[in-house]
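Please read this short report alongside the sequence and the structure, looking up each residue as it is named. The report moves from strands to nonpolar cores and then to the surface.

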Amino acid sequence: MRINLDAVFFDNWRLIKKMTFARLTNAVWLLLSFYISKWIKKPLKTRQPIAISIEPTTACNLRCPECPSGLRSFTRPTGKLDKNLYQRMIHQIKRQTLYLTLYFQGEPYLHPDFFELIRIANQAKLYTSTSTNAHFLDEERAKKTVESGLDRLIISIDGTDQGTYASYRKEGKLDKVIEGTKNIVNWRKKLKKNAPLILFQFLVVRPNEHQIEDIKALAKKLKVDQVLFKSAQIYNYENGSPLIPTQPKYSRYKKLGDGTYTLKYKLDNHCWKMWHSCVMTWDGNIVPCCFDKDAQHRLGNISNEPLHTIWHNEKYKHFRKNLLLGRTTTDICKNCSEGTKVWV
């Protein structure tokens, strides 16, 4: 893993500067509540999530095989985030929430007011992050990204040649990703900014696992700040998949003697995400986490009630309690890396 220590230092400093007393006390209470709840097997009352993901859009230009956006397989409506709904959410969370991820499903740069969404979050002094396939980072958008004050930019790049990259990023163009990365790096330098922190995220699957050292070299050449490696979630892994890496270090799954696969590690009956974070879909639904990609577990909608009410309602309490009593009873929790020792 390659790290630009200076860039990471400035990234951490930006995060610290946005940590107010209200946000700090909220985070401490959430942490205490989580550990006590684990111990007594009963969810204690929490305050407000310290981290929230908001979905700008479900639209995407690629067709990745393990992604519902790419597969066009959503059963929920597709669309884009309404700015007024977004502003309502920001107003509700700005006092106690610290970290905002402008991404869930889809490609965030397809939202026509994406830079305005970042600006609104910056006004609330939230730390902002997003994840992109980088196909839309032309000169103009790259410049606007740096000017917007975005704190962290994750660029998904799963191969160092077109054939390998497109084996997972279906209909993607590696040269566009490289061009977009160069544009961001160049504009950050031209504008004399230390943000956003620029990261390559490499989803390790069997077709690209031979390029792990190559992606480190490419990141160094392009002056990317950091490379992150991510283990792939495979939906129907039990009978194997051509995407499961052959190197055990990079897989969430292990092969059994009968040829079937199982999760590498035991799933513990707890989940920190249920205490410190949540996800809002483009149309205002609050869902437990990023593993609920199709929003099957809708715990409320901010169009109808405030987040504070949803966060403490009986649905949320029931969901948290089920996790503490037996994680395998909840579908989206059966194939999740949270609470395990899965390599990242």
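## A pair of strands

In this predicted model, strand β3, which covers residues 127-132, pairs with β4 in the parallel sense, and the pairing runs over four bridges. Within this pair, T130 is the residue that stands opposite L153 in β4.

Strand β4 is made up of residues 152-156, and because five of its five residues are buried, the strand is largely enclosed by the rest of the structure. The cover extends to both faces of β4, since R152, I154 and S156 are buried on one side, while L153 and I155 are buried on the other.

## The nonpolar cores

The largest nonpolar core has 69 residues, and those with the most contacts inside it are I54, Y86, M89, I90, F200 and I286. Taking I54 as an example, and leaving aside residues up to four places away in sequence, one finds that I54 touches L81, Y86, M89, I90, L100, T101, L102, Y103, F104 and M280. There is also a second, separate core of twelve residues, which includes M274, W275, F291 and F319.

## A nonpolar patch on the surface

Nonpolar residues also appear on the surface, where M19, L24, V28, W29, L32, I36, W39 and I40 form a patch with about 770 Å² of accessible area together.

One member of this patch is W39, which has its place in helix α2, a helix spanning residues 21-40. W39 has a relative accessible area of 71%, and because a residue counts as exposed when this value is over 50%, W39 is described as exposed.

Note on methods: Residues numbered from 1 in each chain as written. Predicted model: local features only at pLDDT ≥ 70, side-chain atom pairs only at ≥ 80, totals over all residues. Heavy atoms only, no water. Patch = residues over 30% accessible without salt bridge, like charges linked within 9 Å, V, L, I, M, F, W, Y side chains within 5 Å. Areas by Shrake-Rupley, 256 points an atom, 1.4 Å probe, with all protein chains shown as cover. Salt bridge = Lys/Arg side-chain N within 4 Å of Asp/Glu carboxyl O. Helix = DSSP H or I, 4+ residues; strand = E, 2+ residues; numbered from the N terminus. Buried < 20%, exposed > 50% of the residue type's maximum accessible area, 1.4 Å probe, protein only. Core = buried A, V, L, I, M, F, W, Y, C linked by side-chain atoms within 4.5 Å. Contact = heavy atoms within 4.5 Å. Pairing = 2+ DSSP bridges.
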